[in-house]
Amino acid sequence: MKNVVARTISNIPYSGIRKFFDIASSMKDVVSLGVGEPDFITPWNIREEAIFSLERRRTMYTSNAGMPELRNEISRYMSTQYGLKYNSESQVLVTVGASEGIDVALRAIVDPGDEVLIVEPCFVSYKPCVLMAGGVPVSVPTNAENNFRVTASGIKSRITEKTKALMICYPNNPTGAILERDELENIAEMLREYDIVVISDEIYSELTYTDTPHTSIASLPGMYEKTIVLNGFSKAFAMTGWRLGYACGSEEIISAMLKIHQYIIMCAPTMAQYGGIEALRKGKSSVMAMRKEYDARRRYMLKELRQMEIDCFEALGAFYLFPSIKKFGMTSEEFCNRLLHEQRLAVIPGTAFGECGEGHIRCSYAYSIDNIKEALCRLKKFINTI
């Protein structure tokens, strides 16, 4: 039956994260810094609203694009938070997590052979989704020397006549890097010369640890019409299992995405949409409280890593650190495998996020401080043995 499976799918490897955790799940007493999932429970008022929707028997399909009330709240949120004005009826699509948004956005704009620039290190699904859409992924590497911030010149050097889109994610998974407004303006100025669509994954936009709020590239001159903004509720509102996200963009692109979405998904879960409405209306204080705790964990982990003399730039977004392990003379895969088997500590090899992630590991601080302390203790023991 191997010949039955499409060649495109056969040639796509399984997620480097999942592959690694299949090993960890078979072992006992493993402590993890591997999963990018908040350890916080979804705030009670959000859970209560979803429960109440079930009690009111609101279990039917919604509009394919999402409940009008939710799309109105998303439109309001994008306006107040990032200065982006989207028509809730024609420019907002509710998706099953931001992950569906990535897939649908690519399939809506990519024709066979089109090249899609992907800033790396990156979320593990970007390249596979490009391939499944019939596109050609083209890596735009970043490095620790530049704090994993992509530059206009770096992007321009990879543009060809076949380039159709650019995928960026800031704050970044896996590095925790951010882009300041002036850096985005340089990129926008360069992109205005080209007919390239930007897919901007901003799922971590609420989780930045600077005095300057997140800037969406779509808010910059000349970028509104050519940018698809993807976001969701998983990270900021601790709603990973709810599978609720959204996409905002031009009417033409959102219409095309809706066409795909209505055939493959129908609509996002109804009770999750009610929870999303409550999150956007009354969830701000919970987001701020969780962000404050993440920041404390971030600063603690960074301090401890540096005390171990592990090189690590100061990540200012998301909930990941991306320390270098090059000095230990091992590949990322070897380092993580030995760490797991010798100290029962799970972290993710940097190569799971692209070739330029080699020499790094991803450590998530979306865990309790007690878990982080135990993990760092095990990491220190491992380093002392090598």
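# Strands, cores and hollows

Me: Which strand do 2 bridges join to strand 9, and in which sense do the two run?
Reply: Helices (H or I, at least four residues) and strands (E, at least two) are DSSP runs numbered from the N terminus, and two strands pair if DSSP finds at least two bridges between them. Across this pair, Y320 sits opposite S364. The partner, at residues 361-364, is strand 12, and the sense is antiparallel.

Me: Ground rules, quickly: residues are numbered from 1 along each chain as its sequence is written, and side-chain values use heavy atoms, leaving out hydrogens and water. The model is predicted, so local features need pLDDT of at least 70 and side-chain atom pairs count only at pLDDT 80 or more, while totals for chains, interfaces and linings use all residues. Now, which strands stand at the edges of the open 3-stranded sheet?
Reply: The order in this sheet is 9-12-11, with antiparallel pairing. The two end strands each have a single partner, so one side of each is left without a neighbour in the sheet. Those edges are strand 9 (320-321) and strand 11 (348-349).

Me: And strand 3: how many of its residues are buried?
Reply: Buried means under 20% relative accessible area, with over 50% exposed and anything in between partly exposed (1.4 Å probe, protein chains only). In a regular strand the side chains alternate between the two faces of the sheet. Here E115, L117 and V119 are buried on one side, and V116, I118 and E120 on the other. For strand 3 (residues 115-120), the count is 6 of 6.

Me: Which residue in strand 4 stands opposite V119?
Reply: Strand 3 and strand 4 (residues 136-141) are parallel, paired over 6 bridges. The residue of strand 4 facing V119 is V140.

Me: Which helix gives the most to the largest nonpolar core?
Reply: A nonpolar core is a set of buried Ala, Val, Leu, Ile, Met, Phe, Trp, Tyr and Cys residues joined through side-chain atoms within 4.5 Å. This one has 74 residues, and L33, I155, L166, I217, M301 and L379 touch the most other members. With 6 residues from 369-385, the top contributor is helix 13.

Me: What does I155 touch, sequence neighbours aside?
Reply: Contact means heavy atoms within 4.5 Å. Residues up to four places away in sequence aren't counted. That leaves L117, V140, V150, L166, I187 and M190.

Me: How much space lies in the largest pocket?
Reply: On a 1 Å grid over the protein atoms alone, a cavity is a set of points where a 1.4 Å probe fits but cannot get out, whereas a pocket is an open set with protein on both sides within 12 Å along at least five of seven lines; lining residues have an atom within 4 Å of a point. Points are joined across faces, edges and corners, and volume is the space filled by probe spheres set on them. For this pocket that comes to about 1300 Å³.

Me: Which helix gives the most to that lining?
Reply: The lining has 48 residues, and S15, I17, F123, V124 and S125 are the closest to the pocket's centre. Helices 1 (7-10), 2 (16-24), 5 (97-109) and 6 (126-132) each supply at least two lining residues. With 6 residues, the biggest giver is helix 6.

Me: How does that lining divide by class?
Reply: Ala, Val, Leu, Ile, Met, Phe, Trp, Tyr, Cys and Pro count as nonpolar, Asp, Glu, Lys and Arg as charged, and the others, Gly among them, as polar. On that scheme the largest pocket's lining has 24 nonpolar, 13 polar and 11 charged.

Me: Which elements give two or more residues to the lining of the second largest pocket?
Reply: This pocket has a volume of about 150 Å³. Its lining includes Q81, Y82, K284 and R291. The elements are helix 4 (68-82) and helix 11 (284-307).

Me: What is the volume of the largest cavity?
Reply: A search of the whole structure turns up 3 cavities of 30 Å³ or more. Residues lining the largest include P171, L179 and H214, and those three are also among the residues lining the second largest. The second largest holds about 80 Å³, and the largest about 100 Å³.

Me: Is E278 buried or exposed?
Reply: E278 lies in helix 10 (residues 270-282). Beyond its neighbours within four places, it contacts N45, I46, E49 and G283. At 10% relative accessibility, E278 counts as buried.
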